[in-house]
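This report goes through the annotated sites, the ligand surroundings, the nonpolar core and a few backbone details of one model. The sequence and structure are shown first.

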Amino acid sequence: SNTQPRYKRVLLKLSGEALMGDHDFGIDPKVLDRMALEIGALIGIGVQVGLVIGGGNLFRGAALSAAGLDRVTGDHMGMLATVMNGLAMRDALERSNIRTRVMSAIPMSGIVEHYDRRRAVRDLKEGDVVIFSAGTGNPFFTTDSAACLRGIEIQADAVLKATKVDGVYSADPNLDPTAEKYDRLSYDEVLDKKLGVMDLTAICLARDHGMPLRVFDMNRPGVLTRIVTGEKEGTLIE
Ligand code: UDP
């Protein structure tokens with residue numbers, strides 16, 4: 001197959017839950033190793049990879065708030081969770097000999113670098129994976145919004161959103177056997193049909209800046225390589 005990448009620079013969004021493996025909390029190093037392999041394959045064919053990782057495997061502000069905590073405090077905890085996931089992912093990538101930097105939207109001297117767009121772009125051009133942690137740095141946002149924001153800032157060719165299903169369906173395919181998969185959607189269709197691919201802030205940001213989004217199943221081996229070489233995978237929103 002054709003391995004000449006169609007995308008030169010991508011922003012990959014992994015949810016925190018994707019790092020849990022079969023557990024219901026925390027991080028499974030085996031899952032990280034598998035992802036490092038997939039990401040390493042992209043680096044190997046010269047694709048620049050920015051990464052945004054969620055924090056839902058550890059803490060979510062909304063859930064903490066529902067349990068009685070102050071929402072902003074909960075969101076701060078959620079953002080710190082994304083830094084922990086970023087450190088764990090860097091560890092896995094570096095064990096696979098992939099140079100990796102972790103930047104944080106919230107300064108955390110001595111642990112990770114503070115986010116610097118120009119520096120991130122320089123690092124990406126040198127073939128480093130750059131992990132953008134701590135979301136947007138603000139409460140009431142999500143890491144999906146952070147992924148679109150950083151993707152737009154670094155001028156990625158696309159934001160790739162890893163999920164557990166192989167694209168966007170008309171209904172939840174696990175609950176509704178008549179659910180149909182979409183190959184392509186417009187941003188407005190996602191909004192009008194309330195498809196819940198990403199939160200509204202993230203979709204609107206992508207729409208306003210013409211950032212293509214691809215939703216795909218991260219559990220399919222080789223999926224990232226197939227996406228960047230232009231093979232049909234998941235659902236494209238543009
Ligand atoms: N969060 C935040 N601002 C951001 C990004 C994340 O406050 O810009 C907090 C929020 O509490 C969120 C948590 O961090 O619930 C973890 O992120 P998210 O829920 O997006 O993780 P995912 O669902 O992708 O694992």
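## First binding-site annotation

In this predicted model, the unreviewed UniProt entry places a "binding site" feature at Lys13, Leu14, Ser15, Gly16, Gly56, Arg60, Thr163, Tyr169 and Asp172. These positions are spread over 160 residues of sequence and are also spread in space, with C-alpha atoms up to 25.2 Å from each other.

Two of the annotated residues illustrate the contrast in burial. Glycine 16 sits in the loop between strand E1 (9-14) and H1. Glycine 16 is buried because 22 other C-beta atoms lie within 10 Å, the threshold being 20 or more. Not counting residues up to four places away in sequence, glycine 16 touches Ile53, Gly54, Gly55, Gly56, Asn57, Leu58, Ala81 and Asn85. One of these contacts, Gly56, belongs to the annotated set as well. Aspartate 172, in the loop between strand E7 (168-169) and strand E8 (181-182), has 10 C-beta neighbours inside 10 Å and therefore counts as exposed.

## Second binding-site annotation

A further "binding site" annotation in the unreviewed UniProt entry covers Gly55, Asp75, Thr136, Gly137, Asn138, Pro139, Phe140, Phe141, Thr142 and Thr143. These residues are spread over 89 residues of sequence but cluster in space, the largest C-alpha distance being 14.0 Å.

Threonine 142 lies in the loop between strand E5 (129-133) and H5, whereas threonine 143 lies in helix H5. Threonine 142 counts as buried, with 22 C-beta neighbours inside 10 Å. Leaving aside neighbours within four places in sequence, the contacts of threonine 142 are Asp199 and Ala202. Threonine 143 is buried too, with 31 other C-beta atoms within 10 Å. With the neighbours within four places in sequence again left aside, threonine 143 is in contact with Lys13, Val52, Gly54, Gly55, Thr82 and Gly135. Among these contacts, Lys13 is named in one annotation and Gly55 in the other.

## Ligand surroundings

Which residues come nearest to the ligand? Of the 24 residues around the ligand, they are Gly54, Gly56, Gly61, Gly78 and Gly135. Helix H2 (61-66), helix H3 (71-95) and helix H5 (143-153) are the elements that give two or more residues to this shell. H3 gives the most, with six residues.

By residue class, the shell around the ligand divides into 14 polar, six nonpolar and four charged residues. Glycine counts as polar in this division. Two of the nearest residues, Gly54 and Gly135, are also contacts of threonine 143.

## Nonpolar core and domain

The largest nonpolar core has 70 residues. Within this core, the residues with the most contacts are Val10, Ile39, Leu51, Ile131, Val159 and Ala206. H3 supplies the largest share of the core, seven residues. In soluble globular proteins, nonpolar side chains tend to be buried together. Isoleucine 39 is in contact with Val49, Leu93, Ile98, Val129 and Leu224, leaving aside neighbours within four places in sequence.

The unreviewed UniProt entry places "domain: Aspartate/glutamate/uridylate kinase" at residues 8-217. That span is 39% helix and 20% strand, and its end C-alpha atoms lie 21 Å apart. Glutamate 38, in helix H1 (residues 29-44), is partly exposed, with 18 C-beta neighbours inside 10 Å. The C-alpha atoms of glutamate 38 and arginine 220 are separated by 9.9 Å, although the two residues are 182 residues apart along the chain.

## Backbone details

Most residues other than glycine have a negative phi. Alanine 134 has a positive phi of about 65° although it is not a glycine. The place of alanine 134 is the loop between E5 and H5, and this residue is buried, with 27 other C-beta atoms within 10 Å.

Lysine 194 also has a positive phi, of about 50°. Is lysine 194 buried or exposed? Lysine 194 is found in the loop between helix H6 (187-192) and helix H7 (200-208) and counts as exposed, with 8 C-beta neighbours inside 10 Å.

## Model confidence

The protein chain averages a pLDDT of 96, and 99% of the residues score at least 70. The model scores are ipTM 0.99 and pTM 0.97.

Terms used:
Residues are numbered from 1 along each chain as its sequence is written. This is a predicted model: local features need pLDDT of at least 70, side-chain atom pairs count only at pLDDT 80 or more; totals for chains, interfaces and linings use all residues. Helices (H or I, at least four residues) and strands (E, at least two) are DSSP runs, numbered from the N terminus. A residue is buried if 20 or more other C-beta atoms lie within 10 Å of its own, exposed if 12 or fewer, and partly exposed in between; C-beta atoms are placed from the backbone. A residue is near a molecule or strand if its C-beta atom, placed from the backbone, lies within 6 Å of it. UniProt positions are given in the numbering used here, feature names are shortened, and annotations may be inferred rather than shown by experiment. Two residues are in contact if their C-beta atoms, placed from the backbone, lie within 7 Å. A nonpolar core is a set of buried Ala, Val, Leu, Ile, Met, Phe, Trp, Tyr and Cys residues joined through C-beta atoms within 7 Å. pLDDT is the predictor's confidence in each residue, from 0 to 100.
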